[in-house]
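Here's a quick tour of what holds this fold's charged side chains together and where it leaves some empty space inside. Pull up the model and follow along.

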Amino acid sequence: AWQSPLLLLLKLRGMWQRTIHAEAMPTFTQLFAICTIGATVEFGWAGVEAVLVPYLSRHGVRQWVVSTIYLANPTLGLWVQPRLGAWSDRINRRVPFVVALSVSALMGITTLIAAIPLTRALGFKAFNSAETDVSIPPITVALAFLGFGLSDICLDCLLIPGRALLHDLAASSSDALFTGFQLGGRLLALLLGSSSITTNGLWGLYRDPTDKHFDACLTVSAIFLMGSMITVLFFVDDQGSTYTTPGSGCNPTSSSLANAPESQSLQLPPALQNISNYNDESSQTSCSIQSNENMASKKCAFELDASVLLCAVQAIGWVGVCAQSFFWTSWRGEEVGCIDLALQSVVGIITAGLLPLANAYFGAASVWCGSELFFHLLMMSIAFVSGSDERNNHGLASYWISPRIIGVLSGINYAVHATNGLVVATDIIPDPNRRARTIAMVNNALPMGQLLTALSGGAIAQYFGGFEYVFVCYGFLGAMVTCFVWVVSSSQNLFSRQRGVGNEHNQLDSELESLHADGAKAVRNNNRNY
């Protein structure tokens with residue numbers, strides 16, 4: 001039944017693109033349409049996760065069971081995301097995946113909304129008759145798990161074709177723009193989640209006093225997701241990866257080399273162009289081939305090591321981010337927690353705007369590791385505050401540290417975490433024919449972190465007696481892992497190509513000094529021989 005509207009949308013899209021084919025699509029329109037994917041993903045995350053844990057807890061589901069609902073995504077996501085990226089690269093298309101994932105996410109959100117009304121209509125009730133009327137039976141919990149798992153994994157996977165589309169049409173530096181839209185969607189979701197529009201059940205559309213806020217937030221997320229899918233269908237001309245960097249990647253395919261335009265042919269460096277007999281002798285050619293093969297094998301080994309360390313930092317970063325997204329409103333309260341996270345999004349949007357300048361000067365890897373470490377230290381500082389603002393009104397906590405300040409400052413890393421991991425990964429694996437696979441590799445750190453959060457978050461909270469201990473434990477673990485990776489990568493120059501302008505200037509000065517010293521030494525030797 002759902003295939004007919006989808007086929008109609010595809011036909012309308014074809015008619016629209018044939019109408020505007022004679023006129024080039026404005027770059028701004030395409031970028032805006034693509035970036036709405038990031039906005040709708042973050043809107044779905046924030047809109048659902050901010051109300052999901054309180055929703056289940058309100059219906060009598062225990063804390064350790066509540067945290068296991070986040071196991072659905074990583075259970076399948078670790079297997080699905082790499083294959084999805086490889087499939088997208090193989091057929092060299094992105095929009096069909098955006099449509100399929102959006103429709104599947106809509107089905108999951110609908111299941112989540114209909115879980116309680118459907119099971120009540122079928123006559124299912126809680127087993128224990130002494131429980132309150134708001135308690136739900138296990139089949140309702142199972143439907144909620146199924147609906148959330150389907151929507152969550154599809155929203156996560158949407159980032160793969162979304163960012164791949166962005167890289168196909170623009171430089172990888174546009175990732176900061178995509179992240180800005182993500183945080184804009186997050187901010188909009190939190191503002192709507194704390195407004196009277198959703199708290200009153202979408203102007204009276206939902207009247208159940210227990211679940212009207214939850215149902216309204218999910219309905220708005222579904223509308224936002226549908227609008228983004230239609231925008232991409234009509235305004236994005238999906239041509240796949242149309243740019244090929246010669247010699248990029250360890251194993252470039254013959255088709256990518258054959259399709260490369262003449263303007264992108266390999267050019268010799270200026271210093272080598274001045275050598276007249278550069279390609280004259282066959283012995284030089286064979287030696288260069290042997291050298292290139294050795295360099296390629298070393299490059300593959302370098303990429304593997306750097307990729308493992310990169311994914312480790314991203315995964316442990318996602319553990320802290322997921323814990324904050326899942327448990328912050330339960331620790332601080334729904335209304336106060338939504339305000340904290342909304343202010344966090346504002347700081348993240350400002351950071352995303354300044355991030356390209358910071359990356360250009362300090363280097364993407366340095367900004368990335370420094371921001372991750374700062375975030376984990378913020379999470380550790382929660383040990384010194386209370387979830388209630390009234391208890392933090394005395395002493396230095398009210399001036400220098402409070403839950404709101406911690407939540408707001410964590411927006412800095414939210415922008416950096418979502419952007420710079422991809423920037424560093426794109427530099428490690430620059431092959432444009434592996435774009436979706438590279439993005440899937442980095443994006444797969446999200447279900448890894450979510451898996452650890454789901455397995456241990458609820459247990460930590462129940463053992464120590466509060467969700468604040470989850471933040472502290474994950475902050476300590478994240479700080480240790482980030483420091484280790486930063487030290488190892490710096491000592492082995494694994495991310496050496498991610499230097500900033502300041503470092504490049506220092507390196508250039510040192511090279512000039514070395515050349516000057518070598519030249520002076522050669523002059524002295526010539527004078528001595530003379």
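Before we start, one cut-off: a residue counts as buried when its relative accessible area is under 20%, as exposed when that area is over 50%, and as partly exposed in between. Asp340 is buried by that rule, because its relative accessible area is 0%. Keep in mind that you're looking at a predicted model.

**Salt bridges**

How many salt bridges does a search of the whole structure find? The count is eight. Three of them are set out here.

| Pair | Closest N to O | Relative accessible area |
|---|---|---|
| Asp89 and Arg437 | 3.0 Å | Asp89 11%; Arg437 32% |
| Asp175 and Arg163 | 2.8 Å | Asp175 0%; Arg163 3% |
| Arg404 and Asp340 | 2.6 Å | Arg404 28%; Asp340 0% |

Let's take Asp340 further, since we've met it already. Its salt-bridge partner is Arg404, with the closest N and O atoms 2.6 Å apart. Asp340 belongs to helix 14 (residues 334-362) and Arg404 to helix 17 (residues 403-428), so this pair ties together parts that are 64 residues apart in sequence. Is Arg404 buried or partly exposed? At 28% relative accessible area, Arg404 is partly exposed.

Next up is Asp89, which forms a salt bridge with Arg437. Asp89 sits in helix 4 (residues 72-91) and Arg437 in helix 18 (residues 435-443), so parts that are 348 residues apart in sequence get tied together. Here Asp89 is buried, at 11%, whereas Arg437 counts as partly exposed, at 32%.

In the third pair, Asp175 and Arg163, the side chains meet at 2.8 Å, N to O. This one links helix 7 (residues 175-193), home of Asp175, to helix 6 (residues 138-169), home of Arg163, across twelve residues. Asp175 is buried at 0%, and Arg163 is buried too, at 3%.

**A buried threonine**

While you're browsing, stop at Thr198 in helix 8 (residues 196-199). With a relative accessibility of 1%, Thr198 counts as buried. Which residues touch it, once neighbours within four places in sequence are left aside? Thr198 is in contact with Leu192, Gly193, Lys212, His213, Ala216, Cys217 and Val220.

**Empty space inside**

Now for the gaps. Rolling a probe the size of a water molecule over the atoms shows where empty space is left. Across the whole structure, five cavities of 30 Å³ or more turn up.

The largest cavity holds about 120 Å³ of space. It is lined by 13 residues, and those closest to its centre are Leu159, Trp318, Ala418, Leu422 and Asn443. At least two lining residues each come from helix 2 (27-58), helix 6, helix 13 (282-332), helix 17 and helix 18. By type, that lining has seven nonpolar, four polar and two charged residues.

The second largest cavity has about 100 Å³ of space. Of its 14 lining residues, Trp45, Glu49, Cys322, Ser325 and Leu446 are the closest to the centre. Helix 2, helix 6, helix 13 and helix 19 (445-464) each give two or more residues to this lining. Which helix gives the most? That's helix 13, with five residues. The lining of this second largest cavity divides into seven nonpolar, two polar and five charged residues.

Notes: Residues numbered from 1 in each chain as written. Predicted model: local features only at pLDDT ≥ 70, side-chain atom pairs only at ≥ 80, totals over all residues. Heavy atoms only, no water. Salt bridge = Lys/Arg side-chain N within 4 Å of Asp/Glu carboxyl O. Helix = DSSP H or I, 4+ residues; strand = E, 2+ residues; numbered from the N terminus. Buried < 20%, exposed > 50% of the residue type's maximum accessible area, 1.4 Å probe, protein only. Contact = heavy atoms within 4.5 Å. 1 Å grid on protein atoms, 1.4 Å probe; cavity = no way out; pocket = protein on both sides within 12 Å on 5 of 7 lines; lining within 4 Å. Points joined across faces, edges and corners; volume = space filled by probe spheres on them. Nonpolar A, V, L, I, M, F, W, Y, C, P; charged D, E, K, R; others polar.
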